[in-house]
Amino acid sequence: MARFELTTSCSQSRHSNRAELHLDISLSKASAKVLHFFETTKFLNHFFLVFFIFMVEFPSILLENAVNSFASLPGIGQKTALRLVLHLLRQSNAEVENFATSLTKLKQEIHYCKYCHNISDTEICGICSNPKRDRSTLCVVENIRDVMSIEATQQYNGLYHVLGGIISPMDGIGPKDLQIDSLKQRIVPENIKEVIFALPATMEGDTTNFYIFRQLSEFDIKITMIARGVAVGNELEYTDEVTLGRSILNRVAFNN
Ligand SMILES: [Zn+2]
């Protein structure tokens, strides 16, 4: 006969923090029972832990659905989603309805400009319909955010053409998935004189530039690309070799 002494701590007890359990059983039976005891305890601990987390995070299915909807947005995790949902819960009904309506109307009523594919409230966007823009120059960009970025510089007065992406075989995006045919179709009717490539300085961006360049080679137009080089504020010693090499090759006349 072997004597086992199992001591457990009970931190939540007011009167005693320790309880002693004495087992007078055979060695083989004791091993099996102790093992079974810990396995059962482990399973129950996991079960209650999952149940506890579930109950703490989502005491309501409605809350869970709202959090999951926010968490499906890029860059939004579960914690941020919960914070946003709880913030909305503190808003008035009118404010929440206004929030929801603005999103619904955005999806239902937004237009894409029939010429440049920029986002618009009307069939033709504000840039394409602006008579003060230079209508002989087209700037080719990947997406709508790029239009906003270039517009923010206030240095460009021509028109745009939004491709809706760039050629990326790894992501299954080919030329037919982009607005390249519609770009070609604009050149003659709109009397375009210059097309500026303003695509990302990546392999995919270069591939797209090259593809479009070949597509436009039949037209008598000037094809240019935005300059690539050392960023404003960057030290030369911290600039990568490719960028610095391009800066030297694409050097420009010094104008004071
Ligand atoms: Zn437009």
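**Group meeting: the four-stranded sheet**

Okay, let's start with one piece of the fold: strand E5, helix H5 (residues 144-153) and strand E6 together make a right-handed β-α-β unit. Keep in mind that this is a predicted model.

So how do those two strands sit together? E5 and E6 run parallel, and four bridges join them. If you want a residue to look for, Val140 stands opposite His161 in E6.

Now the other neighbour. E5, residues 137-141, also pairs with E7, residues 194-197, again in the parallel sense and over four bridges. Val140 turns up here too, with Phe197 as its bridge partner in E7.

Let's put the whole sheet together. It's an open sheet of four strands, in the order E6-E5-E7-E8, with parallel pairing. Which strands stand at the edges? Those are E6 (159-162) and E8 (222-225); each has a single partner strand, so one side of each is left without a neighbour in the sheet. On average, neighbouring strands here are turned by 25° against each other, direction ignored.

Back to E6 for a moment. Are its two faces covered or not? Both are covered: Leu159 and His161 are buried on one side, and Tyr160 and Val162 are buried on the other.

And zooming out to finish. The protein has eight helices and eight strands in total. Of its 256 residues, 12% count as buried, and the four E6 residues I just named, Leu159, Tyr160, His161 and Val162, are buried. As for contacts with a separation of 6 or more, 43% of them are between residues 24 or more positions apart.

Note on methods. Residues are numbered from 1 along each chain as its sequence is written. This is a predicted model: local features need pLDDT of at least 70, side-chain atom pairs count only at pLDDT 80 or more; totals for chains, interfaces and linings use all residues. A residue is buried if 20 or more other C-beta atoms lie within 10 Å of its own, exposed if 12 or fewer, and partly exposed in between; C-beta atoms are placed from the backbone. Two residues are in contact if their C-beta atoms, placed from the backbone, lie within 7 Å. Two strands pair if DSSP finds at least two bridges between them. Axes are lines fitted to C-alpha atoms, for helices over the stretch in contact, and angles run from 0 to 180 degrees between N-to-C directions. A crossover is right-handed if, with the strands pointing away from the viewer, the path from the first strand over the helix to the second runs clockwise.
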